[in-house]
Amino acid sequence: QAPNNFADPDKNWNQIFGGGIAPHKLTGWEASFMPMAYYNYASPTSARNGASISFLPSVDIVITSDKSKWTRCPVIELGRESALNVGGAEPGALRASPSVDKNGNPE
């Protein structure tokens, strides 16, 4: 069982899309390759401590094969070390990858 001070002791958040997405408070942060960029904070620990599930914004995520309902979205680089990021992108910047259309064709 998780400690009382753990943000999700009942593991409710890890059931979303089979654990494929989660609030950043609950993601790994111990190593530079873990998926969370703490941009403009003194340290990853200070950013993580300041994050709160109670301030989590609401979003609607809809999964559909109907491409007429698909929208474009930016991909934000979450790696903390530019040298480890695609194309050397800075944390919090747009991912330095080519864009593709709804059919996966380069644009």
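**View 1. Glu 107 and Arg 72 pair up in a salt bridge.** In this predicted model, the side chains of Glu 107 and Arg 72 come together with an N to O distance of 2.6 Å. Glu 107 sits in the segment after α1 (44–50), and so does Arg 72, so the pair ties together parts that are 35 residues apart in sequence. Check the surroundings too: Glu 107 and Arg 72 are both exposed. As background, side chains of opposite charge can pair when their charged atoms come close.

**View 2. Arg 95 reaches Glu 77 in another salt bridge.** Here the closest N and O atoms are 2.7 Å apart. Arg 95 and Glu 77 each lie in the segment after α1, so this pair links parts that are 18 residues apart in sequence. Is Glu 77 buried or exposed? Glu 77 has a relative accessible area of 4%, so this residue is buried. Its partner Arg 95 comes in at 32% relative accessibility and therefore counts as partly exposed.

**View 3. Asp 66 has a salt bridge to Lys 69 and a polar contact with Ser 68.** Start with Asp 66, which is found in the segment after α1. Between Asp 66 and Lys 69, the closest N and O atoms are 3.9 Å apart, and the pair still counts as a salt bridge because the cut-off is 4 Å. The side chain of Asp 66 also makes a polar contact with the side chain of Ser 68, at 2.6 Å. As for accessibility, Asp 66 is partly exposed, with a relative accessible area of 31%. Lys 69, at 58% relative accessibility, counts as exposed. How many salt bridges does a search of the whole structure find? It finds three.

**View 4. Ser 82 makes a side-chain polar contact with Glu 90.** No salt bridge to look for in this legend, just a serine and its neighbours: the side chains of Ser 82 and Glu 90 are in polar contact at 3.0 Å. Ser 82 belongs to the segment after α1. With 18% relative accessibility, Ser 82 counts as buried, because the limit for that label is under 20%. Which residues does Ser 82 touch, leaving aside those up to four places away in sequence? They are Gly 88, Ala 89, Glu 90 and Pro 91. Glu 90 therefore turns up both as a residue that Ser 82 touches and as its polar partner.

Notes. Residues numbered from 1 in each chain as written. Predicted model: local features only at pLDDT ≥ 70, side-chain atom pairs only at ≥ 80, totals over all residues. Heavy atoms only, no water. Buried < 20%, exposed > 50% of the residue type's maximum accessible area, 1.4 Å probe, protein only. Helix = DSSP H or I, 4+ residues; strand = E, 2+ residues; numbered from the N terminus. Polar contact = N/O pair within 3.5 Å; in protein donor to acceptor, adjacent residues only side chain to side chain. Contact = heavy atoms within 4.5 Å.
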